[in-house]
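Open the model in your viewer and set it to cartoon. We'll go from stop to stop, with something to select at each one.

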Amino acid sequence: MHVRNAVRGVPGFTRAKGLCHNAPMRAQESKYGFDFVCRGCGASGPLGGQSACAACGEPMSLRALGTLSPGYLRRPPRSMWHYFGLLPVTSRKRIVTLGEGATPLVDAPRLARRFGFGQVIVKNEMANPTGSFKDRQVSVGISHARECGARTVAAVSSGNVAAATSAYAAHAGMQAVVFMHAHAGAGKVAQAAAYGARVIRVESPSPKEVFGLCIEACQRYGWYHLSTAGMYEPYNVEGAKTLAYELYQQCGGHPPDWVVMPVGGGGLLGGVWRGFLDLKRLGLINRVPRLAGVQASGCAPLKRAIEHGETFLETLRHPWPDPKTVAGGIADDILFDGHTALPAIRETNGVVIAVDDEAIIESQQTLAREEGLLCELTSAVVIAALPFLPDADASSRVCCVVTGSGIKELAWLAGRVPEPSRIPPTMEALAACVEAQP
Ligand SMILES: [Zn+2]
């Protein structure tokens, strides 16, 4: 790949231009009610201009300029497109939707007692159409791709983005090509393939390398790049903002003290932060909740960056050397959305917590057995992080974003859960069985 002035080690991203291979398909952008803003230095500019900041070199992100009336926000959403006015799609007719968003907020009293908090609430993103919060981002991204005239979309994924891309492309009558990491679980590969995408597994442990291949393929074949990585594709990450809007409504206009989220590339964290900033701009909230990003101790580039005071561009120069964790959805060696994730932590007095695999596996079981919510391992990091949440006590309201479903990992779970009892169909056998067990 030949890119001028490239940031060393990062495929396709240049300080001068960012990465805009989707740009030639963009049209009529002034109608969106958005501009570009740099969260690194505060510079801003119109859409359609450079997608990297001319002043500091960081990727620009979208900023909504539109409004939603308070009266409108009193009506409960039926999907995340309730917030159409704050999403970067010009025509409702081009929306590609399977009913994503409007997910339940579930009270978790046993978790609250276990960790000594006033309240724990779970934002259940498992209820999305393909079983993860990525549906929000892909719905926005593929709607924008359709507005741009794209016929084929391509994305890099460890699993959830692949499933979402494949499903939404099928619903839109488009082709999908998904580049899946070598460590992607068999269930997630099967889910993506079931919706009809062309699934390509790339034998590399490095998401950075897989991105490089996907980007080069998009340039060669004219595919729309739909990966949920804001440094490459600033549109689809807007979908994550709707989670903050919903939390605002579901909490009666009083968001919780803490919102705890898994962090891989950082798109969810950065998106939720920007969603709360929108609510603040609209005068609906006075303060943004403190945000906690949770990583696996075997792959924690955001924690390292916060501790070392790094800028986003500095983080790109040294990818995490050898990502190793059971939480495959957050095994990202670089922070593809670090330009919004870093300020999300710094500007909300937030925290980054790293948890080990043993705690992640145990937390998946805890959430399932104590609250009836079976999440994927990647999502269980938020429960594992709760003992380490600072300044949280019996007066605190803590929201855990549970991002993806454990139903995607049933093959992994089989053999790790208690074996069923096997009996002949007699009362005697049943009595012997149930009376032998507590
Ligand atoms: Zn800047």
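Is helix H8 largely enclosed by the rest of the structure or largely exposed, and how many of its 15 residues are buried? Select residues 267–281 to find H8. This is a predicted model, and in it 13 of the 15 residues of H8 are buried, so the helix is largely enclosed by the rest of the structure. From first C-alpha to last, H8 reaches 21 Å, close to the 21 Å expected at 1.5 Å a residue. Just after H8, click on Gly283: its phi is positive, near 75 degrees.

**Zoom out**

Now show the whole chain. You should be able to pick out 15 helices and 13 strands. The C-alpha atoms fill a box of roughly 75 × 45 × 45 Å along the principal axes. The radius of gyration is 21 Å, which agrees with the value near 22 Å for a compact globule of 438 residues. Buried residues make up 54% of the chain. Among contacts with a separation of 6 or more, 70% are between residues 24 or more positions apart.

**Into the core**

Next, select Val153, Val260, Val272, Val381 and Ala385. In the largest nonpolar core, which has 131 residues, these five touch the most other members. Helix H4 (residues 160–172) gives this core its largest share, 8 residues. Stay on Val153 and look at what surrounds it: leaving aside neighbours within four places in sequence, its contacts include Ile142, Ala145, Met174, Trp223 and Tyr224. Thr165 and Ala169 are also among the contacts of Val153.

**A strand with two partners**

Go to strand E5, residues 119–124. Here 5 of the 6 residues are buried, so E5 is largely enclosed by the rest of the structure. Strand E4 (residues 105–107) runs antiparallel to E5, joined by 3 bridges; click Asp107 and you'll find Ile121 of E5 as its bridge partner. E5 also pairs with strand E13 (residues 397–402), this time in the parallel sense over 6 bridges. To see that pairing, select Lys123, which stands opposite Val401 in E13.

**A fully buried helix**

Select residues 377–384, helix H13: 8 of the 8 residues are buried, so this helix is largely enclosed by the rest of the structure. Val381, one of the core residues you selected earlier, is among the buried residues here, as are Leu377 and Ile383. What do the buried residues of H13 pack against? Show strands E10 (258–262), E11 (290–296) and E12 (351–355), plus helix H12 (357–371) and E13, and you have the answer.

**One leucine up close**

Leu342 is in helix H11 (residues 338–347). It counts as buried because it has 27 C-beta neighbours inside 10 Å. Not counting residues up to four places away in sequence, Leu342 touches Ala305 and Phe312. Draw a distance from its C-alpha to that of Gly270: the two are 72 residues apart along the chain, yet separated by 7.9 Å.

**Two odd backbones**

Most residues other than glycine have a negative phi. Ala102 has a positive phi, near 55 degrees. You'll find Ala102 in the loop between helix H1 (70–73) and E4, and with 18 C-beta neighbours inside 10 Å it counts as partly exposed. For the last stop, pick Asp391, in the loop between H13 and E13. Asp391 also has a positive phi, about 55 degrees, and with 10 C-beta neighbours inside 10 Å it counts as exposed.

Notes
Residues are numbered from 1 along each chain as its sequence is written. This is a predicted model: local features need pLDDT of at least 70, side-chain atom pairs count only at pLDDT 80 or more; totals for chains, interfaces and linings use all residues. Helices (H or I, at least four residues) and strands (E, at least two) are DSSP runs, numbered from the N terminus. The radius of gyration is taken over C-alpha atoms; the globule rule is 2.2 Å times the number of residues to the power 0.38. A residue is buried if 20 or more other C-beta atoms lie within 10 Å of its own, exposed if 12 or fewer, and partly exposed in between; C-beta atoms are placed from the backbone. Two residues are in contact if their C-beta atoms, placed from the backbone, lie within 7 Å. A nonpolar core is a set of buried Ala, Val, Leu, Ile, Met, Phe, Trp, Tyr and Cys residues joined through C-beta atoms within 7 Å. Two strands pair if DSSP finds at least two bridges between them. The expected span of a helix is 1.5 Å times one less than its number of residues.
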